[in-house]
Amino acid sequence: MQWDILAQAIVNGVLIGGVYSLASVGLNLIFGVVKIVNFAHGEFLMLGMYIAYWSWALLGIDPLISLAITMPLMFLFGLVVQRFLFQPILKAPELAQIFMTVGLQILLQNLALAVFSANYRSVQTMYGAWTYSIGPVVISAPRLYAFIISLILSIGLSFLLLGTDVGKAMRAAAQDREVAELMGINQNYIFLVAVGLASALAGAAGTVVMPFFYAYPTAGLAFGLKSFVVAIAGGLGSIRGALLMGLILGAAESLGVQYVGADAGMLVAFIILLVVLVLRPQGLFAGGRL
């Protein structure tokens, strides 16, 4: 085995795994607090990609700087989704909730197709071809920057949940809604904040990948599926599980592509999911809730 090729594959996987983690913590936040499985989460990421693209195409703003635009806009979008789509079905049967989020997924895909067309769109940055070398391992600058920003935002969410009153209220609502309401916590407000934050994080994940990825109407499908793999295998509702499992999935996927074939990425992801569900159905890190 050529160890430099192995190291390169692991590094590449971990870097993209940071983006999977960022997308998945938002998915887990919605499930942990609001108790809704959002099948449209990948499309939230896709919207972030288009916001980053048009910020660059129309205003010349670098995708990483356009986070200052993407995250507030996606936060507002999350507020609208929670208030008008999720809130009315909070007490509905789970099947109705699933149909609602799947319907939202299809709606967003088709709206993107109608408004933006099926064309693949990309951005050009001055650092697009930059690389850093550590021995035989070559690190792509755009992927490294995406990983660092993803890690900062994911850890920032953890600090928010652990160290702020809003975060503690979200954790309380996640653990026991009735007791939280008796303690004076406004659940509707907490749900709005949770979905807004989750949407902003998904939009951020879409933004940071734009220097090395394409925006197109179904771009969220692959990221959405991998987010679900990360969330379920790491433990639904576990932020720590999403962080760690995203890195594990990224590395495993990269190794699969390197040693099996270019189409092995999704295959490896679902093999990991099936193995985890058989051996530990609650997820590898299910103990670490919000």
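Select K35 first: with a relative accessible area of 36%, this residue counts as partly exposed, a class that lies between buried (under 20%) and exposed (over 50%), calculated with a 1.4 Å probe on protein chains only. The model on display is predicted, and local features are described only at pLDDT of at least 70 and side-chain atom pairs only at pLDDT 80 or more, while totals for chains, interfaces and linings use all residues. Numbering starts from 1 along each chain as its sequence is written, and side-chain values rest on heavy atoms, with hydrogens and water left out.

**The loop between α1 and α2**

K35 is placed in the loop between α1 and α2. Helices here are DSSP runs of H or I with at least four residues, strands are runs of E with at least two, and both are numbered from the N terminus. The phi of K35 is near 65°, a positive value in a residue other than glycine. Most residues other than glycine have a negative phi. Next, display the ring of F31: the charged end of K35 sits over that ring, 6.0 Å from its centre. This description requires NZ of Lys or CZ of Arg within 6 Å of the ring centre and within 35 degrees of the ring normal.

Continue to V37, found in the loop between α1 (3-34) and α2 (41-59). V37 is partly exposed, at 26% relative accessible area. Leaving aside residues up to four places away in sequence, V37 touches F31, T101 and F228, where touching means heavy atoms within 4.5 Å. A C-alpha to C-alpha distance from V37 to E94 gives 9.0 Å, although the two are 57 residues apart in sequence.

**Aromatic rings around α2**

Now show the aromatic side chains; the structure holds 13 aromatic pairs. Rings of Phe, Tyr and Trp (its six-membered ring) pair if their centres lie within 6.5 Å; planes under 30 degrees apart are stacked, over 60 edge-to-face, and the rest tilted. Select Y50 and F116, a stacked pair with 4.2 Å centre to centre and 20° between the planes. This pair links distant parts of the chain, since Y50 belongs to helix α2 and F116 to helix α4 (residues 94-116), 66 residues apart. Y50 is buried, at 2% relative accessible area.

Add Y53 and W56, which form a tilted pair: 6.1 Å centre to centre, 50° between the planes. They are separated by about one helical turn because they stand three residues apart in helix α2. Y53 is buried at 11% relative accessible area, whereas W56 is partly exposed at 25%. Ring pairs join Y50, Y53, W54, W56 and F116 into a cluster.

From F116, step to S117, in the loop between α4 and β1 (131-134). S117 is not a glycine, yet has a positive phi of about 70°. Its relative accessible area of 25% makes S117 partly exposed.

**The nonpolar core**

Select L29, V33, V34 and M170, which have the most contacts inside the largest nonpolar core, a group of 78 residues. Such a core is a set of buried Ala, Val, Leu, Ile, Met, Phe, Trp, Tyr and Cys residues joined through side-chain atoms within 4.5 Å. Helix α8 (residues 187-208) gives the most to this core, with twelve residues. Beyond four places in sequence, residues touched by L29 include V34, L157, L161, M170, A194 and L197.

L157 and L161 lead to helix α5, where they are among the buried residues, together with Y145, F147 and I149. Helix α5 (residues 141-163) has 23 residues and should span 33 Å at 1.5 Å a residue; its end C-alpha atoms are 32 Å apart, which agrees. The expected span is 1.5 Å times one less than the number of residues.

**Polar residues that are buried**

Go to Q82 in helix α3 (residues 67-86), which is buried at 0% relative accessibility. V34, F191 and L192 are among the residues that Q82 touches.

Finally, select K226 in helix α9 (residues 219-234). With 11% relative accessibility, K226 counts as buried. Which side chains make polar contacts with that of K226? The side chain of Y20 does so at 3.2 Å, and that of E253 at 2.5 Å. A polar contact is a pair of N or O atoms within 3.5 Å; within protein, one must be able to donate a hydrogen and the other to accept it, and residues adjacent in sequence count only if both atoms are side-chain atoms. K226 also touches S24, L249 and M266.
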